[in-house]
Structure formats: structure tokens, C-alpha cells
Amino acid sequence: VQLVESGGGLVQAGDSLRLSCAASGRTFSSYAMGWFRQAPGKEREFVATISRAGDPYYTDSDSVKGRFAISRDNAKNTVYLQMNSLKPEDTAVYYCAAAIKRTYYSISYAAIEYDYWGQGTQVTVSS
């Protein structure tokens with residue numbers, strides 16, 4: 001499967017962005033989907049994931065709690081990341097990823113458990 005992210009850009013602190021990740025193929029509903037991000041000089045970190053059933057899960061870090069929301073539209077083969085009240089520390093390349101799952105409720109937090117990755121989209125938040 002190929003994943004293509006879009007929706008990144010340069011915004012000011014407090015603004016919102018919605019990232020999209022479009023997947024090719026007819027098996028999108030077979031994947032749990034995730035969003036990761038990588039800031040300059042830092043390791044890639046988990047942001048959010050959504051199961052095949054549509055249940056969302058987020059990083060335990062307080063960094064995105066209450067501000068980010070992941071969702072999916074299986075009819076459009078697309079997963080979204082709604083980001084509100086953006087902060088300069090949200091600046092990063094955001095990656096979409098897909099993990100093959102046999103059950104509707106399985107999820108993955110670790111990058112190594114994902115089978116496919118997009119090329120990333122840059123999000124820059126100015127103060």
C-alpha cells in the first residue's frame with residue numbers, strides 16, 4: 001500500500017491544521033493507522049493511532065492531549081489528524097503509517113510494528 005500525506009504547512013501558534021493521509025489499494029480497512037512525528041535532531045515519536053474499528057489512541061505524553069484528534073474514513077481510504085491550538089514545539093515532519101491487523105481492535109504504538117510509511121509532511125508552527 002502507498003501512503004501520501006498532505007495538509008502540512010506554516011502556521012502561527014494557536015492555529016489549526018488537518019493532516020490527511022490517503023492510502024492506495026482496496027484493503028485500507030485491514031490496517032490500523034498511525035501518525036508519528038520527527039522534530040529536527042530528535043527521534044521519531046508516536047502521536048496517535050486508530051484501530052480498524054475506529055477507536056483512537058494517543059501518546060501518553062501531555063504534548064498533544066486534548067489538542068489532536070485522529071479519525072479515519074474507510075470509504076475514502078483516508079486517515080486524518082486534526083491538530084488544534086498548535087504550539088511551536090509541534091513543529092516536525094509528520095508521518096502516516098499503516099499496520100496490518102487481523103482483528104478490529106488491535107493497535108500499535110511502536111514504529112517498528114508498522115508495515116508501510118508515507119513520505120511525511122512538514123508542519124511548522126511559528127511563535
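Trainee: What makes the approach between the backbone oxygen of Lys 76 and the side chain of Thr 78 a polar contact?

Mentor: The backbone oxygen of Lys 76 lies 2.8 Å from a polar atom of the Thr 78 side chain. A polar contact is a pair of N or O atoms within 3.5 Å; within protein, one must be able to donate a hydrogen and the other to accept it, and residues adjacent in sequence count only if both atoms are side-chain atoms. The value of 2.8 Å falls within that limit, so the pair is called a polar contact. The model is predicted: local features need pLDDT of at least 70 and side-chain atom pairs pLDDT 80 or more, whereas totals for chains, interfaces and linings use all residues. Residues are numbered from 1 along each chain as its sequence is written, and side-chain values use heavy atoms, with hydrogens and water left out.

Trainee: Why is Thr 78 called buried?

Mentor: Its relative accessible area is 8%. Buried means under 20%, exposed over 50%, and partly exposed in between, with a 1.4 Å probe and protein chains only; Thr 78 is therefore buried. Thr 78 belongs to strand β8, where a strand is a DSSP run of E of at least two residues, a helix is a run of H or I of at least four, and both are numbered from the N terminus.

Trainee: Which residues does Thr 78 contact, leaving aside neighbours within four places in sequence?

Mentor: They are Ser 20, Cys 21, Ala 22, Phe 28, Ser 71, Arg 72 and Asp 73. Contact here means heavy atoms within 4.5 Å.

Trainee: How do you know that β5 is largely enclosed by the rest of the structure?

Mentor: Of the 6 residues of β5, 5 are buried, which is why the strand is described in that way. Ile 50 lies in β5, and its relative accessibility of 2% makes it buried. Leaving aside neighbours within four places, Ile 50 is in contact with Ala 32, Met 33, Asp 55, Pro 56, Ile 70, Ser 71, Arg 72 and Val 79. The C-alpha atoms of Ile 50 and Arg 72 are 7.6 Å apart, although 22 residues separate them along the chain.

Trainee: What makes β4 and β5 a pair of strands?

Mentor: Two strands pair if DSSP finds at least two bridges between them. β4 and β5 run antiparallel and are joined by 5 bridges, so the condition is met. Trp 35 has Ala 48 in β5 as its bridge partner. The two strands form a hairpin with 6 residues between them, and Gly 41 in the turn has a positive phi of about 75 degrees. On the other hairpin of β5, 3 bridges join it to the antiparallel strand β6 (residues 56–58), with Pro 56 as the bridge partner of Ile 50. Here 5 residues lie between the strands, and Gly 54 in the turn has a positive phi of about 95 degrees.

Trainee: How do you know that the side chains of β11 alternate?

Mentor: Thr 121, Val 123 and Val 125 point to one face and are buried, while Gln 122, Thr 124 and Ser 126 point to the other and are not. β11 pairs with strand β2 (residues 9–12) in the parallel sense over 4 bridges, and with β9 in the antiparallel sense over 3 bridges.

Trainee: What makes a set of residues a nonpolar core?

Mentor: The set must consist of buried Ala, Val, Leu, Ile, Met, Phe, Trp, Tyr and Cys residues joined through side-chain atoms within 4.5 Å. The largest has 27 residues, and Met 33, Trp 35, Phe 68, Val 79, Leu 81, Met 83 and Tyr 94 touch the most other members. Elements giving two or more residues to this core include β4 (31–38), β5 (45–50) and β8 (78–83). A second, separate core of 5 residues includes Phe 46, Ala 97, Ala 99 and Tyr 114.

Trainee: Why is Ser 108 called buried?

Mentor: Its relative accessible area of 1% places Ser 108 in the buried class. Ser 108 is in the loop between β9 and β10 (116–117), and its side chain makes a polar contact of 2.7 Å with that of Glu 113.

Trainee: How do you know that the radius of gyration of the chain agrees with a compact globule?

Mentor: The radius is taken over C-alpha atoms, and the globule rule is 2.2 Å times the number of residues to the power 0.38. For 127 residues a compact globule would have a value near 14 Å; the chain has 14 Å, which agrees.
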